[in-house]
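Could you walk me through this model, one selection at a time? I have it open in the viewer and would like to know what to click on next.

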Amino acid sequence: MFYAHSVVLYALLSICSSNESKIKNAQKPVRLFTEEELQRYDGTEDGQPIYMAIKGVVFDVTTGKEFYGKGAPYNALVGKDSTRAVAKMSLEPADLTYDTTGLTESQLQSLEQIFKGTYKAKYPIVGYTSRRVLNEDGSPNIDFKPEDQPNFTIKDEF
């Protein structure tokens, strides 16, 4: 599994070779998170960063600890990809998932506004969920092209 993550990470960095200066100056390398790895950053452990994913992009929301930390109002959203919950503005357990199947156009527009206007504007990107770039068996998804993703811009994400 580690090998597959390395291959995908290398492929992602290769995509960005045209933006080499930004990669060299990055504070931290891009990281791929499995669901199990992301769960470690759920705000329950003092001193540990708090991570949350939306649309497969993992954000460090530690600076919003009063919202996302242990016992905070939005703690249910962290340590996982909560795309559906953000789109629906819901904290229901069934909505705490990456799955956007059946969302309305209005909910998808809301998701995009919150993704860009809140998370990308406010919190650093620390990585991506493996689901975004890997197949279910852990092999690289050769059909995944970041530039084909909705509203993808290399300069914002890499």
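Two residues are in contact when heavy atoms of theirs lie within 4.5 Å. With that in mind, start with the whole chain, and remember that this is a predicted model. Among contacts between residues at least 6 apart in sequence, 60% join residues at least 24 apart.

**The whole chain**

Colour by secondary structure and you will find eight helices and four strands. From the beginning of the sequence to its end, they follow the pattern α-α-β-α-β-β-α-α-α-β-α-α. The chain has 158 residues, and 42% of them count as buried. Switch on the surface, if you like: its accessible area comes to about 9,200 Å², with 52% belonging to carbon and sulfur atoms.

**The nonpolar cores**

Next, select Met52, Ile54, Phe59, Val61, Tyr68 and Tyr119, and show their side chains. In the largest nonpolar core, which has 22 residues, these six touch the most other members. Now highlight β2 (51-54), β3 (57-60), α5 and α6 (105-122), each of which supplies at least two residues of this core. Helix α6 gives the most, with four residues. In soluble globular proteins, nonpolar side chains tend to be buried together.

Stay with Val61 for a moment. What does Val61 touch, leaving aside its neighbours within four places in sequence? Its contacts are Ile50, Met52, Tyr68, Val78, Tyr119 and Tyr123.

Then pick out Phe33, Tyr41, Tyr51 and Val58. They are among the seven residues of another core, which lies apart from the largest one.

**The salt bridges**

The structure holds three salt bridges. Select Lys55 and Glu112 for one of them, where the closest N and O atoms are 2.6 Å apart. Lys55 sits in the loop between β2 and β3 while Glu112 belongs to helix α6, so this pair ties together parts that are 57 residues apart in sequence. Is each partner buried or partly exposed? Lys55 is partly exposed, at 24% relative accessible area, and Glu112 is buried, at 16%; the cut-off for buried is under 20%.

Move on to Asp95, which forms a salt bridge with Arg84, their closest N and O atoms being 3.4 Å apart. Asp95 lies in the loop between α5 and α6 and Arg84 in helix α5, so here the parts tied together are 11 residues apart in sequence. Add Lys88 to the selection: Lys88 also forms a salt bridge with Asp95, with 3.3 Å between the closest N and O atoms. Arg84, Lys88 and Asp95 are thus linked in a network. Asp95 is buried, with a relative accessible area of 7%, and Arg84 counts as buried at 15%. Lys88, at 34%, counts as partly exposed.

**A patch on the surface**

Bring the surface back and select Phe67, Tyr74 and Leu91. They form a nonpolar patch with about 260 Å² of accessible area together. Leu91 lies in the loop between α5 and α6 and is partly exposed, at 38% relative accessible area.

Your last stop is Ala76, in the loop between α4 (65-68) and α5 (83-88). Which residues does Ala76 touch, not counting those up to four places away in sequence? They are Ser82, Leu91 and Leu96. Ala76 counts as partly exposed, with 29% relative accessibility. To finish, draw a C-alpha to C-alpha distance from Ala76 to Ser90: the two are 14 residues apart in sequence and 10.0 Å apart in space.

Technical notes:
Residues are numbered from 1 along each chain as its sequence is written. This is a predicted model: local features need pLDDT of at least 70, side-chain atom pairs count only at pLDDT 80 or more; totals for chains, interfaces and linings use all residues. Side-chain values use heavy atoms; hydrogens and water are left out. Buried means under 20% relative accessible area, exposed over 50%, partly exposed in between (1.4 Å probe, protein chains only). A nonpolar core is a set of buried Ala, Val, Leu, Ile, Met, Phe, Trp, Tyr and Cys residues joined through side-chain atoms within 4.5 Å. Patches are made of residues with over 30% relative accessible area and no salt bridge: like charges are joined within 9 Å, nonpolar side chains (Val, Leu, Ile, Met, Phe, Trp, Tyr) within 5 Å. Accessible areas come from the Shrake-Rupley method with a 1.4 Å probe; for residues, only the protein chains shown count as cover. A salt bridge is a side-chain nitrogen of Lys or Arg within 4 Å of a carboxyl oxygen of Asp or Glu.
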